[in-house]
Amino acid sequence: MNTTEETLREQVRERYAQAANAASTGGCGCNEDGGCCGNVACDGTEDAFGEGLYDAEQRGKLPDAALLASLGCGNPTAVAELREGEVVLDLGSGGGIDVILSAKRVGPTGVAYGLDMTDEMLALARRNAQEASVTNVHFLKGVIEQIPLPADSIDVVISNCVINLSVDKPSVLAELARVVKPGGRLGISDVVAEDRLGVDERAERGSYVGCIAGALSRSEYVDGLKAAGFADISVEFTHEVADGMHGAIVKAVKPV
Ligand SMILES: C[S@@+](CC[C@H](N)C(=O)[O-])C[C@H]1O[C@@H](n2cnc3c(N)ncnc32)[C@H](O)[C@@H]1O
C-alpha cells in the first residue's frame with residue numbers, strides 16, 4: 001500500500017471507531033457533521049442507509065445498539081437466501097447487525113463470521129451478539145483485502161456498504177474468490193455508480209469515508225468479479241443515494 005492508501009484506510013478506521021463509540025453510548029452511529037456512510041440521519045428519517053432498510057420483524061430480533069450502529073446501504077441478508085447449516089462471512093461487519101441476522105437464519109448447525117478492522121466495532125458487535133443470544137458467531141479482526149480464513153471455507157459472503165471503502169478492490173475480489181467454496185455465492189449490498197460517472201464526478205457527490213467517492217461503477221464491478229473468476233454476475237440498482245449513485249445488490253457465483 002502507498003502512503004495515500006494507508007492514510008485513507010486510517011481515516012476510514014477512525015471514522016468508524018467514532019461511529020461505534022457513539023452507538024455504544026446510545027447515540028447516533030454517525031456524528032451530526034455526517035461524514036460516515038450515507039450521513040445516516042440521527043432522527044430515523046434517512047432510509048437510503050441504515051436501520052430503515054430492515055423490516056420490522058428483523059428489527060425486532062436485534063439489540064438497540066446494533067440498530068443504532070447500522071450504517072449499511074442495503075439488507076444483504078434479505079437477498080442472500082441463506083439456508084440452515086451454511087457458513088456465512090460478512091465483510092466489514094460493523095456493529096454486527098447482518099452477522100446476528102445471518103446466525104439466526106443458518107441456525108445452530110451453521111456459522112456466521114464477521115470480519116472488521118476496527119476494534120471499537122468488533123467490541124460493539126460482540127456485545128450485541130451476546131445480547132441477541134446468538135452463539136454460532138465469530139468476529140475476526142482483519143482487513144477484507146487479506147481475509148484471515150482458509151480457501152474454500154465459506155458458502156456465502158455478504159457485505160453491507162464496505163467494499164466501496166476498500167483502497168484495494170482487486171485484492172478484495174481475489175480474496176472473495178479464494179475463500180468461497182466452489183458453488184458458493186456472493187450477496188453484497190454496496191454503493192455503485194452509473195458508468196457515465198468518472199472517478200472525479202463520484203468524488204464530487206460525496207466523501208470517501210461517506211461511502212460515495214470510492215464506489216465502483218457497475219461495469220467496474222462486473223469486470224472485477226469476472227477477472228476474479230466469478231460467474232452469473234448481476235448488479236441491480238435498488239435506490240438512488242446521490243445523482244447517478246445507487247444502493248445496489250451485487251450477486252455472483254463461484255463456478256464448481
Ligand atoms: C459503513 S460501515 C458498515 C458496517 C456494517 N456492514 C453495517 O451494515 O452496519 C463500514 C464498516 O467496514 C469496516 N471496514 C472498512 N474498510 C475495511 C477494510 N478494508 N477491512 C475491514 N473492515 C473494514 C469499518 O470498520 C466499518 O465497521
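**The ligand and its cavity**

The largest cavity in this predicted model has a volume of about 430 Å³. Its lining comprises 32 residues. Those closest to the cavity centre are G92, G94, D116, V162 and L165. The cavity count, restricted to volumes of 30 Å³ or more, comes to 1.

Several secondary-structure elements contribute to this lining. Helix α1, residues 3-24, supplies at least two lining residues, as do helix α5 (97-106) and strand β2 (111-116). The top contribution is that of α1, which gives 3 residues. By class, the lining of the largest cavity divides into 16 nonpolar, 11 polar and 5 charged residues.

The ligand occupies this space: it sits in the largest cavity. Around the ligand lies a shell of 23 residues. L71, G92, D116, T118 and I144 are the closest of these. Nonpolar residues number 12 in the shell. The remainder are 8 polar and 3 charged residues. Two residues recur in both descriptions. G92 and D116 are among the residues closest to the ligand, and both are also listed among those closest to the centre of the largest cavity.

Polar contacts to the ligand involve backbone and side-chain atoms. At D116, an N or O atom of the side chain lies 2.6 Å from an oxygen atom of the ligand. At G92, the partner is a backbone N or O atom, placed 2.8 Å from a ligand nitrogen. I144 also uses its backbone: a polar atom there is 3.1 Å from a nitrogen atom of the ligand. Burial of the ligand was computed as well. Taken alone, the ligand exposes 600 Å². Of that area, the protein buries 99%.

Notes:
Residues are numbered from 1 along each chain as its sequence is written. This is a predicted model: local features need pLDDT of at least 70, side-chain atom pairs count only at pLDDT 80 or more; totals for chains, interfaces and linings use all residues. Side-chain values use heavy atoms; hydrogens and water are left out. A residue is near a molecule or strand if one of its heavy atoms lies within 4 Å of it. A polar contact is a pair of N or O atoms within 3.5 Å; within protein, one must be able to donate a hydrogen and the other to accept it, and residues adjacent in sequence count only if both atoms are side-chain atoms. Accessible areas come from the Shrake-Rupley method with a 1.4 Å probe; for residues, only the protein chains shown count as cover. On a 1 Å grid over the protein atoms alone, a cavity is a set of points where a 1.4 Å probe fits but cannot get out, and a pocket is an open set with protein on both sides within 12 Å along at least five of seven lines; lining residues have an atom within 4 Å of a point. A molecule sits in a cavity or pocket if more than half of its atoms lie within 2 Å of its grid points. Ala, Val, Leu, Ile, Met, Phe, Trp, Tyr, Cys and Pro count as nonpolar, Asp, Glu, Lys and Arg as charged, and the others, Gly among them, as polar. Grid points are joined across faces, edges and corners, and a volume is the space filled by probe spheres set on the points. Helices (H or I, at least four residues) and strands (E, at least two) are DSSP runs, numbered from the N terminus.
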